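Thanks for making time for this one. I will go through a single structure, starting with the overall picture and ending with individual side chains.

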Amino acid sequence: MADKWALLILARLQNEPVRFNQLRRDIKGISQKVLSQTLKKLERDGLLSRSVFATVPVTVEYALTDLGQSLVQTVNTFAHWAEQHMDTVLLAQAQYDACAASNPGA
């Protein structure tokens with residue numbers, strides 16, 4: 001639950017079921033492998049359901065379960081915080097990386 005991809009997926013599914021390929025297009029920077037792994041983990045946790053449709057090619061759609069829906073408000077609060085503080089977090093990351101690069105092995 002505590003990874004950024006899980007939170008982005010949960011946020012994207014809050015209003016409607018979404019197909020795998022649409023999730024991949026909507027969530028910038030996520031690889032197909034990581035998306036698949038994260039979806040399986042969320043399904044295992046009972047937060048989303050997976051529906052397979054016999055089309056050519058096969059269509060797979062994901063939706064929040066009732067348990068997943070119960071997290072929507074919390075996910076939205078976190079997403080709002082992240083939006084407000086993104087510049088500060090990116091600056092902290094850049095400062096950390098610069099310090100680590102100038103002091104390798106420290």
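Among contacts in this protein between residues at least 6 apart in sequence, 45% join residues at least 24 apart. Please keep in mind that this is a predicted model.

Overall dimensions next. The radius of gyration of the protein is 17 Å, whereas a compact globule of 106 residues would have one near 13 Å. The C-alpha trace spans about 55 × 30 × 20 Å along its principal axes. Of the 106 residues, 25% are buried. The protein exposes about 7,500 Å², and 55% of that area is supplied by carbon and sulfur atoms.

Now the secondary structure. There are five helices and three strands. Going along the sequence, the pattern reads α-β-α-α-β-β-α-α.

Let me take the sheet before the helices. In what order do the three strands lie in the sheet? The order is E1-E3-E2, in an open sheet with antiparallel pairing. Strand E1, residues 18–19, and strand E2, residues 48–53, are at the edges; each has a single partner strand, so one side of each has no neighbour in the sheet. As a general reminder, strands of a sheet pair through backbone hydrogen bonds, in a parallel or an antiparallel sense.

The two pairings can be taken one at a time. E1 pairs with strand E3, residues 59–64, over two bridges in the antiparallel sense. Val-18 has Tyr-62 in E3 as its bridge partner. On the other pairing, E2 and E3 run antiparallel and are joined by six bridges. There, Ser-51 has Glu-61 in E3 as its bridge partner. The connection from E2 to E3 is a hairpin through five residues.

On to helix H1. Which residues of H1 are buried? They are Trp-5, Ala-6, Leu-7, Ile-9 and Leu-10. The cover over these buried residues of H1 includes helix H3, residues 32–44, together with E2, E3 and H5. That cover therefore includes both helices and strands, with E2 and E3 among them.

H1 also brings us to the charged side chains. How many salt bridges does the count give? The count comes to two. In one of them, Asp-26 pairs with Arg-12, with the closest N and O atoms 2.5 Å apart. This pair links distant parts of the chain: Asp-26 sits in helix H2, residues 20–26, and Arg-12 in helix H1, residues 4–12, with their positions 14 residues apart in sequence. In the other, the side chains of Glu-16 and Arg-12 meet at 3.8 Å, N to O. For reference, the cut-off for a salt bridge is 4 Å. Arg-12, Glu-16 and Asp-26 are thus linked in a network of salt bridges.

Are these three side chains buried, exposed or partly exposed? Arg-12 has a relative accessible area of 24%, so Arg-12 is partly exposed. Asp-26, with 30%, is partly exposed. Glu-16 is at 43% relative accessibility and counts as partly exposed too.

The last element is helix H5. The count of aromatic pairs comes to one. Why does the pair of Phe-78 and Trp-81 count as stacked? The ring centres are 6.1 Å apart and the planes are at 25 degrees, so the pair is stacked. The reasoning needs two cut-offs: centres within 6.5 Å for a pair, and planes under 30 degrees apart for stacking. Both residues lie in helix H5, residues 72–102, three residues apart, which is about one turn of the helix.

As for the surroundings of those rings, Phe-78 counts as partly exposed at 44% relative accessibility. Trp-81 is at 42% and counts as partly exposed as well.

One more residue from H5, namely Thr-88. At 54% relative accessibility, Thr-88 counts as exposed. From Thr-88 to Ile-27 the separation is 61 residues in sequence and 22 Å in space, C-alpha to C-alpha.

To recap: five helices and three strands, an open antiparallel sheet in the order E1-E3-E2, a salt-bridge network of Arg-12, Glu-16 and Asp-26, and a stacked pair of Phe-78 and Trp-81. That is where I will stop.

Technical notes
Residues numbered from 1 in each chain as written. Predicted model: local features only at pLDDT ≥ 70, side-chain atom pairs only at ≥ 80, totals over all residues. Heavy atoms only, no water. Phe/Tyr/Trp six-rings, centres within 6.5 Å; stacked < 30°, edge-to-face > 60°. Helix = DSSP H or I, 4+ residues; strand = E, 2+ residues; numbered from the N terminus. Buried < 20%, exposed > 50% of the residue type's maximum accessible area, 1.4 Å probe, protein only. Rg over C-alpha atoms; globule rule 2.2 N^0.38 Å. Contact = heavy atoms within 4.5 Å. Areas by Shrake-Rupley, 256 points an atom, 1.4 Å probe, with all protein chains shown as cover. Pairing = 2+ DSSP bridges.
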